[in-house]
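Here is a short dialogue on reading charge pairs. A learner asks, and a teacher replies.

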Amino acid sequence: MYIGSIDQGTTSSRFIIFNKAGEIISMGQKEHEQIYPQAGWVEHNVEEIWQNVQEVIGLALGKAGLSAGDIAAVGITNQRETTVIWNKKTGKPYYNALVWQDTRVGSELAELAKDGGMDRFRAKTGLPLATYFSGLKLRWLLQNVPGLREDALRGEALFGTMDTYISWQLTGGTEGGIHITDVTNASRTQLMDLSSCTWDDEILQVLQIPKSMLPEIKASSAVYGKSKGVLEGVPLAGILGDQQAALVGQTCFDPGQGKNTYGTGCFLLMNTGKQAIPSQFGLLTTVAYQLGNEPVHYALEGSVAIAGSLVQWLRDNLGIIQQSPDIERLAKEVDDNGGCYFVPAFSGLYAPYWKQDARGVLVGLTSYVNKSHIARAALEATAFQTWEVLEAMEKDAGISISSLRVDGGMVVNQLLMQFQSDILGQEVICPKIIETTALGAAYAAGLAVGYWENLDDLKKNWAIQHRWNSQMDESRRSHLKKQWKKAVSKSFNWED
């Protein structure tokens, strides 16, 4: 028997089948369209995504010569904060999903901040007011989609993040689909009280969101129901937001253990145990996971909006490279960034700054700089942003991280990983299985059905593929950090 994992990401959907050792048996993947109706708006067609999810499940099963009967349980991990609303009776979405990167609610932040400032809801939710979270996206939809509020008040309109939509469809949709989310995804809506892990009536009232739209909040590892259709009869038993899933996949179960995932964005999480630590340094306090009836575990998180998507931007918008992996070869043609720094604040700056009015800047340009320097600066931007988040995290938690566990698509980039170690002055460690997001959801599902007995079983699976150690002297590191900080300051206050 095996465990299946639906990984519904920002750019693609995948189904990965794992064995007991946490090794990949088979995988199917399909990209979906990125929709940009106007500047700052980012949308997905959720019907296309659900179609893709079903296709990739069939693809992965077919490749391995397996059927649904060979899968002991299935878990879901998903792009967090992406907001979708659909009709309970018809299953039809009212609007495209508003993706986590979408900034259309930016103009409403100042209005909400008049009472209590940008930290108005932080004491309860662990989150500052920002365009990032689902609650304000849901509010925008209620205000702008004709007939939606009326349907919501009648109990016909359902809200969810992508895990909620996929699990509803997977368990039957209009024919009895379950309307649930887990504590990690709920903690990213800015509508959940972190201490009680329940929807907060006061915040719902302020944002004028009918509670009847919201899914039931569940543990991250539990048997929720049985799948229908392509995974007929398979228990759905795990749900984790993608970054929390990577934390579980990296087996960071002890307070002080952290991981950084290099994907579309960059997300650094540190387990803080059963205590939710309020951040003083621009980080988010969030739920790490809840396994079965165990207490909720919390994390500090630093989110970087643009990491791998900057490489895609150089490919698609500027044509500097033909394919994403080409960036490393191009960047290696030069020894350094030639004095140029790329701050990719395309949708504002996330942690530790939280400046919605920042925009991307490329600074330090001279006639000496060429496309290789720009490619290198783009890669270095990811490492610099990670360093700033890690610095804030160590201050908040009062814990020094001696090494950083890394995963995600960009870890195959040796130049980036070496520079990451250089700029941190610390060891960077990559595990053998870099698909830790999908693995974390598989672990959650497998624990719920007894496929793995306990956390020790999971820890035994974790093994090191590669280590990078810093080769940079302190004076060079200090100079680069100082220049980066200067570059970041040039991105501030761009939007009026």
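What follows is a tour of salt bridges in this predicted model.

Q: What lets side chains of opposite charge pair?

A: They can pair when their charged atoms come close. A contact counts here when a Lys or Arg side-chain nitrogen is within 4 Å of an Asp or Glu carboxyl oxygen.

Q: How many salt bridges does the structure hold?

A: There are 31 salt bridges. Take one of them: Arg-188 and Glu-81 join through their side chains, with N to O at 2.7 Å.

Q: Which parts does the pair of Arg-188 and Glu-81 tie together?

A: Two loops. Arg-188 sits in the loop between helix H7 (183-186) and strand E10 (192-193). Glu-81 sits in the loop between strand E5 (71-78) and strand E6 (84-87). The pair therefore ties together parts 107 residues apart in sequence.

Q: Are Arg-188 and Glu-81 buried or exposed?

A: Both Arg-188 and Glu-81 are buried. They also belong to a salt-bridge network, together with Arg-80, Asp-242 and Glu-301.

Q: How is burial read for Asp-102?

A: Use relative accessible area; buried means under 20%. Asp-102 has 1%, so Asp-102 is buried. Its salt-bridge partner is Arg-104, with the closest N and O atoms 2.8 Å apart. Arg-104 has 8% and is buried too.

Q: Which residue forms a salt bridge with Arg-122, and is Asp-119 buried or partly exposed?

A: Asp-119 pairs with Arg-122, the closest N and O atoms being 2.9 Å apart. Arg-122, at 15% relative accessibility, counts as buried. Asp-119, at 42%, is partly exposed.

Note on methods: Residues numbered from 1 in each chain as written. Predicted model: local features only at pLDDT ≥ 70, side-chain atom pairs only at ≥ 80, totals over all residues. Heavy atoms only, no water. Helix = DSSP H or I, 4+ residues; strand = E, 2+ residues; numbered from the N terminus. Buried < 20%, exposed > 50% of the residue type's maximum accessible area, 1.4 Å probe, protein only.
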